Amino acid sequence: MAPEHIIHTLSTSAPKLVKTDDAYAYLHQGDWIAGGCALYAIGLLTLLGKSVRLLAFESINGIEHISVVYMRHIAVVYMRHIAVVYMRHIADADGLHTIQAMKQKLLNEFGVRVTSTRSITLKLLFQESQLIDASWETNEFSSFLGQHLKEE
């Protein structure tokens, strides 16, 4: 998938899709930010593969929020020198954020003070996180995202 399409998916298409009744049917309680963030991130990880990684936002109580991070690099030419600039895009069901903006959002909306962030594997997410709901149909939700987002 082209970088522009990934950015569009993370910023617009996926957040719009998960605000539908069909998407909420996969989430038995809560919403995509409070509780469903892990399901959303797993779905995006399945859809976008190695283009994204899972990012855990942690407090003193453990993992509080899961997002996906998309890293891309851009070559910039300045005064006949080439520099590579890496851009990090943090995505959740509300769209794209910077890490600092996501930390502020978690503090403002949920009273969660983020103490650290780290890249996390899907296996570790299932082992460590209290955010995972055993009743989620992760494969079906991932298929749902894939069917609707690949059509664009």
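Glu140 sits in helix α6 of a model that is predicted. With a relative accessible area of 43%, Glu140 is partly exposed. Its C-alpha atom is separated by 9.1 Å from that of Gly43, although the two residues are 97 residues apart along the chain.

Helix α6, which spans residues 138–149, also holds Ser142. Here the relative accessible area is 8%, which means that Ser142 is buried, since the cut-off for that class is under 20%. The C-alpha atoms of Ser142 and Ala41 are separated by 9.6 Å, and these two residues are 101 residues apart along the chain. Leaving aside residues up to four places away in sequence, Ser142 touches Ile42, Gly43 and Thr46. With Thr46 there is also a polar contact, made from side chain to side chain at 3.4 Å.

The residues that Ser142 touches, Ile42, Gly43 and Thr46, lead to helix α3, which covers residues 37–48. Helix α3 has 12 residues, and the distance from its first C-alpha to its last is 16 Å, close to the 16 Å expected at 1.5 Å a residue. How much of α3 is covered? Of its 12 residues, 11 are buried, so the helix is mostly covered by the cut-off of under 20% relative accessible area. The buried residues include Ala41, Ile42 and Gly43, and Ile42 and Gly43 are among the residues touched by Ser142. Also buried in α3 are Cys37, Ala38, Leu39 and Tyr40, as well as Leu44, Leu45, Leu47 and Leu48. An α-helix has 3.6 residues a turn, so residues three or four places apart point the same way. After α3 comes Gly49, whose phi is positive, near 60°.

Strand β1, residues 52–59, is mostly covered as well, with seven of its eight residues buried. The strand pairs with β5, residues 116–120, in the antiparallel sense, and the pairing runs over five bridges. Within β1 and β5, Leu54 stands opposite Ile120, the latter being in β5.

The next topic is charge pairing. The structure holds five salt bridges. In one of them, Asp94 is paired with Lys19, and the closest N and O atoms are 3.7 Å apart. This pair links distant parts of the chain, 75 residues apart: Asp94 is in the loop between β3 (81–92) and β4 (95–97), whereas Lys19 is in the loop between α1 (3–17) and α2 (21–24). Asp94 is partly exposed at a relative accessible area of 42%, and Lys19 is partly exposed at 43%.

Another salt bridge joins Lys105 and Asp92, whose closest N and O atoms are 2.6 Å apart. Lys105 belongs to helix α4 (residues 99–110) and Asp92 to strand β3, so this pair ties together parts that are 13 residues apart in sequence. Are the two partners buried or exposed? Lys105 counts as buried because its relative accessibility of 9% falls under the 20% cut-off. Asp92 counts as buried too, with a relative accessibility of 1%.

Lys105 has a further partner in Asp94, and in that salt bridge the closest N and O atoms are 2.8 Å apart. Since Asp94 lies in the loop between β3 and β4 and Lys105 in helix α4, the pair ties together parts that are 11 residues apart in sequence. Which residues are joined into one network by salt bridges that share partners? They are Lys19, Asp92, Asp94 and Lys105. Within this network, Lys105 and Asp92 are buried, while Asp94 and Lys19 are partly exposed.

These parts can now be placed in the whole chain. The protein chain has six helices and five strands, which follow the pattern α-α-α-β-β-β-β-α-β-α-α when read along the sequence. Of its 152 residues, 43% count as buried. The accessible surface comes to about 8,600 Å², and carbon and sulfur atoms make up 52% of that area. Among contacts with a separation of 6 or more, 61% are between residues 24 or more positions apart. The touching of Ser142 with Ile42, Gly43 and Thr46 and the salt bridge of Asp94 with Lys19 are two places where the reader can follow such links in the model.

Terms used:
Residues numbered from 1 in each chain as written. Predicted model: local features only at pLDDT ≥ 70, side-chain atom pairs only at ≥ 80, totals over all residues. Heavy atoms only, no water. Helix = DSSP H or I, 4+ residues; strand = E, 2+ residues; numbered from the N terminus. Buried < 20%, exposed > 50% of the residue type's maximum accessible area, 1.4 Å probe, protein only. Contact = heavy atoms within 4.5 Å. Polar contact = N/O pair within 3.5 Å; in protein donor to acceptor, adjacent residues only side chain to side chain. Expected span 1.5 Å × (residues − 1). Areas by Shrake-Rupley, 256 points an atom, 1.4 Å probe, with all protein chains shown as cover. Pairing = 2+ DSSP bridges. Salt bridge = Lys/Arg side-chain N within 4 Å of Asp/Glu carboxyl O.
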